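Q: Hi! I have a chain open on my screen and would like to talk it through with you. Can I just fire off questions as they come up?

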Amino acid sequence: MLYLLAIGSALFYGAADFSGGLATRRAGTIPVVLLSQASGLVLLALIMPLLPHASPSRADLLWGAVAGLTGGVGVALLYRALAIGTMAVVAPTTAVCAVTIPVVVSVLLGERPVPLAVAGIALGIVSIVLVSRQQAAAQTDSHDPAAPRRLPAGVGTALASGVAIGFFLLSLAQPGSESGMWPLLVARLFSVTLFAAIAIGGGRSIRMPAPVVTLAIGGGILDMLANALYVLAARQGSLSIVVTLSSLYPASTVLLARVVLGERLNPWQVSGVGCALVAIVLIVSGGR
């Protein structure tokens, strides 16, 4: 059951990222994120009365608030990166950064990663260099070696998104099982409030075409299902195993981008994506 929950969360995360990224290509990031987060909040609020009784502590709810802040920022950055970049490159880049965060935190707390985790971090850096360098090379003039090389569209945003999502995964795993889904509800309520304030403060219109609304709502529901499965899995077994399986979500994002959008990668980029996926497994498996 543990493995099924974690793998299910990965599938839903990947599908949610694809839907959200596709919606953001057709509308603004803030309206899409606000609608998707709100749809997930409504879904969870509707099913909360059907769940077993829970007794969350103040600390559990605070962790939920932290998860709402980091998760909301991470999703917004991710949707933006998916909108302006190649999904098959952005998704693995974000995932590598997200799974690196638990390793860094454990080191700061006095733990030392085993060689397997160190190898995963190194491979993750290599994967980012591969996908970035090849894309950047294509964007520069081959006849002008002095021309400055830049990161491809979306990669820098994907890196920032990965950091935020890494802290989101850490925060969401902290509350105890007795807290039920209340920390997740607080997290989503916090993120919806945050983006509503941004939209209102910036005078942003949240009007979107009907197809985009459908994509945003669908992405929010899928993301909430993924979060719920992740929380349940994290409470049943080793967090390292759960994060490993849940972080394989780029596979479904890449597959959907290939089938629906026809995105193609050259051999170097394929190698970079492959290294990113392997790095995810190495990084977290080393923390067992």
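Q: Let's start with leucine 51. Is leucine 51 buried, partly exposed or exposed?
A: Leucine 51 counts as partly exposed, because its relative accessibility is 34%. Do keep in mind that this is a predicted model.

Q: Okay, and where does leucine 51 lie?
A: You'll find leucine 51 in the loop that runs between helix H2 (29-47) and helix H3 (58-84).

Q: Which residues make a nonpolar surface patch with Leu51?
A: Val42, Leu46, Ile47 and Leu50 join Leu51 there, and the patch covers about 480 Å².

Q: Let's move into H2. How many residues does H2 have, and how far does it reach?
A: H2 has 19 residues and reaches 28 Å between its first and last C-alpha, close to the 27 Å expected at 1.5 Å a residue.

Q: Which residues of H2 are buried?
A: Quite a list: Thr29, Ile30, Pro31, Val32, Val33, Leu34, Ser36, Gln37, Ser39, Gly40, Leu41 and Leu44.

Q: And what do the buried residues of H2 pack against?
A: They pack against four helices, namely helix H1 (2-24), H3, helix H7 (182-201) and helix H8 (210-234).

Q: I'm curious about serine 36 in H2. Why does serine 36 count as buried?
A: Its relative accessible area is 1%, and the cut-off for buried is under 20%.

Q: What does the side chain of serine 36 have for polar company?
A: A polar atom of that side chain lies 2.9 Å from the backbone oxygen of valine 33. On the general side, an α-helix has 3.6 residues a turn, so residues three or four places apart point the same way.

Q: Which residues is serine 36 in contact with, leaving aside neighbours within four places in sequence?
A: Tyr79, Arg188, Ala216 and Gly220.

Q: Arg188 caught my eye. What does the side chain of arginine 188 meet in a salt bridge?
A: Aspartate 223 is the partner, with 2.9 Å from N to O. Aspartate 223 belongs to helix H8 and arginine 188 to helix H7, so the pair ties together parts that are 35 residues apart in sequence.

Q: Are aspartate 223 and arginine 188 buried or exposed?
A: Both are buried.

Q: How many salt bridges does a search of the whole structure find?
A: One. As a general point, side chains of opposite charge can pair when their charged atoms come close.

Q: Tell me about H7, then. What should its 20 residues span, and how far apart are the end C-alpha atoms?
A: At 1.5 Å a residue they should span 28 Å, and the end C-alpha atoms are 28 Å apart, so the two agree.

Q: Which H7 residues are buried, and what covers them?
A: Pro183, Leu184, Leu185, Ala187, Arg188, Ser191, Val192, Phe195 and Ala199 are the buried ones. Their cover includes H2, H3, helix H6 (155-172) and H8.

Q: What follows H7?
A: Glycine 203 comes after H7, and its phi is positive, near 65°.

Q: What about serine 179, where is that found?
A: Serine 179 is in the loop between H6 and H7. Its relative accessible area is 0%, so serine 179 is buried.

Q: What does the side chain of serine 179 reach?
A: It reaches the backbone oxygen of glycine 176 at 2.5 Å. The side chains of serine 179 and arginine 235 are also joined by a polar contact of 3.1 Å. Setting aside neighbours within four places in sequence, the residues in contact with serine 179 are Ala54, Ser55, Pro56, Asp60 and Arg235.

Q: One more serine, 246. Is serine 246 buried or exposed?
A: Serine 246 counts as buried, because its relative accessibility is 4%. This serine is found in helix H9 (residues 239-246).

Q: Which side chain does serine 246 join in a polar contact?
A: The side chain of serine 9, at 2.7 Å. Apart from neighbours within four places in sequence, serine 246 is in contact with Ala6, Ser9, Ala10, Tyr13 and Tyr230.

Q: Zooming out, how many helices and strands does the chain have?
A: The chain has 11 helices and zero strands. Of its 288 residues, 51% are buried.

Technical notes. Residues numbered from 1 in each chain as written. Predicted model: local features only at pLDDT ≥ 70, side-chain atom pairs only at ≥ 80, totals over all residues. Heavy atoms only, no water. Patch = residues over 30% accessible without salt bridge, like charges linked within 9 Å, V, L, I, M, F, W, Y side chains within 5 Å. Areas by Shrake-Rupley, 256 points an atom, 1.4 Å probe, with all protein chains shown as cover. Salt bridge = Lys/Arg side-chain N within 4 Å of Asp/Glu carboxyl O. Helix = DSSP H or I, 4+ residues; strand = E, 2+ residues; numbered from the N terminus. Buried < 20%, exposed > 50% of the residue type's maximum accessible area, 1.4 Å probe, protein only. Polar contact = N/O pair within 3.5 Å; in protein donor to acceptor, adjacent residues only side chain to side chain. Contact = heavy atoms within 4.5 Å. Expected span 1.5 Å × (residues − 1).
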